[in-house]
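Please load the model in a viewer and keep the sequence panel open beside it. The tour below proposes a series of selections and states what each one contains.

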Amino acid sequence: MAASPSTARAINDRLALRLLQQEGPLTAGQLKQLTGLSRPTVADLAERLTAAGLITVVGEAGEQRRGPNAKVYGIVADRAHLAALDVRTESVAVVVSDLVGTVLAEASAPIAPAAGTGPAVERAVTLVERTLKEAGADRLHTVGVGAPGLIDPASGDLRDSTGLPQWHRRLVAALQDRLPEARVSLENETNLAALAEQRDGAARDRDTFVLLWLGHGTGAAVILDGALRRGASGGTGEIGFLPVPGTPGLPSATDCGGGFHSLASAAAVAELAGEHGVVAEPGVEPAAAGAVRAAAARVGEEPGSADARFLDALADRVAVGVASVAALLDPGCVVLGGEIGQAGGGELAARVQDRTARMSPLPTEVRASVLGGGAVLRGALLTARDHAQDELFGPTVQGHAP
């Protein structure tokens, strides 16, 4: 059946907005070429979207050209402001951006374990409000929050965990209370990191891959056929609890000690580095990531050095997790994410790939993260931007100005 005129307009509007989101500002001629629509149809949709306050003329294609096609259209960036939070065990980081994702202000703050739930929540919320003010905005449309732990798929809430601070569970409600006009969404940090690597990082050419997070803790995120998989209880990728050889015991339902976490967490990596006499430059970055980065930078100079032995031993551990993932999911590609995965770079990734090939008959490419620890914040911002644009662009798609 042929689409009705209103449906056709809605489809055309959505297509044009999506192209402007992905490609940046475009001329009417470029929109015509990319959409395959006629010149009058493009002119109509440009007028409609401009009247709705969603796009505006941001420049001209060239001084030698004049007329309608020389105008360059872009999304109205200040139509809405967004925030993203990366919530860690002892810190929180915030960015505030416009509707197209341009970062306007950013900040971070430590939160001491002994601070108490109420003061910790207040410190995090105040940081968001202060960053919003620094960005020159008065309110937020959407807030994306990334945090460690299990997200209940039914309620969207962070499930209680003995290994995580209580203030994490209170934060979303506090943000919603202080920012009543904003839409606040919560997602597991590793899932957000995987979305960021897929959009802007090491997995841009893959629609099926696994991100193995190597940071303060360990985790995994699964992208299959372009979709993030969360599991029946939201626990897909809780690889820290995976029972593995080389640990003194087994994990429990409330403690991942004895699981893969005991082999590849930051504390375990820092201890392994110490055993090999590898140290990081003090104060530059967390000890584990710093030691891995230093070893990876020096290893080419002395192949049989302590740095090489350290990276080999670390690769032996990481490959246990990668081979387990490959055996269950056969993703074809595993990205070593987090601060440690990024710090190891190609040196660590190549070693892990070589060891995985010895353990598994399934071809698995191992890549180093491009975004590292910043992937969580980037993923939270991308998710917030997508939610905001879907909501703001939606009414026009239905034929009504928002």
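Begin with Glu106, which is exposed because its relative accessibility is 57% and the threshold for that class is over 50%. The model is a predicted one. Glu106 belongs to strand β6, which spans residues 103-110. Display the residues around Glu106: contacts are found with Val94, Val95 and Thr131, leaving aside residues up to four places away in sequence. Then add Glu134 to the selection. The C-alpha atoms of Glu106 and Glu134 are 8.5 Å apart, although 28 residues separate the two along the chain.

**A buried histidine**

Select residues 166-178 next; this is helix α5, and it contains His168. Is His168 buried or exposed? His168 counts as buried, because its relative accessibility is 4%, and the limit for that class is under 20%. With residues up to four places away in sequence excluded, His168 touches Val87, Arg88, Thr89, Pro148 and Leu158.

**The three-stranded sheet**

Move to the open sheet whose three strands are ordered β1-β3-β2 and pair in the antiparallel sense. Colour β1 (26-27) and β2 (55-60) separately: each has a single partner strand, so one side of each lacks a neighbour in the sheet. Now add β3 (residues 71-75), which is joined to β1 in antiparallel fashion over two bridges. To locate this pairing, select Thr27 and its bridge partner in β3, Val72.

**The five-stranded sheet**

The next selection is an open sheet of five strands, in the order β11-β10-β9-β12-β13, with mixed pairing. Its edges are formed by β11 and β13 (365-368), each of which pairs on one side only. On average, neighbouring strands in this sheet are turned by 25° against each other, with direction ignored.

Focus on β10 and β11, which run antiparallel and are joined by three bridges. One pair to display is Ile223 with its partner Leu228 in β11. Helix α6 (residues 189-200) lies across β9, β10, β11 and β12, and runs at about 50° to β10. The sheet is also packed by α11, which touches β9, β12 and β13 and whose direction makes about 140° with that of β12.

**Two aspartates with positive phi**

Which backbone feature does Asp225 show although it is not a glycine? Asp225 has a positive phi of about 50°. Asp225 is placed in the loop between β10 and β11 (227-229), and it counts as exposed because its relative accessibility is 64%.

Select Asp330 for the second case. Asp330, likewise not a glycine, has a positive phi of about 50°. Asp330 is found in the loop between α10 and β12. With a relative accessible area of 43%, Asp330 is partly exposed.

**A helix pair**

Show α8 and α9 together. Their axes come within 8 Å and cross at roughly 50°; the two helices are therefore oblique to each other. The crossing of α8 past α9 is left-handed. To inspect the contact, display Ala266, Val269, Ala270 and Ala273 on α8, and Ala288, Ala291 and Val292 on α9.

**The nonpolar cores**

In soluble globular proteins, nonpolar side chains tend to be buried together. The largest nonpolar core of this model has 40 residues, and those with the most contacts inside it are Leu212, Phe310, Leu336 and Val352. Which elements each supply at least two residues of this core? They are β9 (209-214), β10 (218-224), α7 (261-264), α8 (266-275), α9 (287-298), α10 (306-329), β12 (333-337) and α11 (338-359). Select α10 in particular, since this helix gives the most to the core, with 11 residues.

Centre the view on Val352. Apart from residues up to four places away in sequence, Val352 touches Ala315, Val318, Ala319, Val322, Leu336 and Val366.

Finish with another core that lies apart from this one and has 32 residues; Val87, Val92, Val128 and Ile151 are among them. Val87 has already appeared on this tour, as one of the residues touched by His168.

How values were computed
Residues numbered from 1 in each chain as written. Predicted model: local features only at pLDDT ≥ 70, side-chain atom pairs only at ≥ 80, totals over all residues. Heavy atoms only, no water. Core = buried A, V, L, I, M, F, W, Y, C linked by side-chain atoms within 4.5 Å. Buried < 20%, exposed > 50% of the residue type's maximum accessible area, 1.4 Å probe, protein only. Helix = DSSP H or I, 4+ residues; strand = E, 2+ residues; numbered from the N terminus. Contact = heavy atoms within 4.5 Å. Pairing = 2+ DSSP bridges. Axes fitted to C-alpha atoms, helices over the stretch in contact; angles between N-to-C directions. Parallel < 35°, antiparallel > 145°, perpendicular 65-115°, else oblique. Left-handed = near helix turned anticlockwise from the far one by under 90°.
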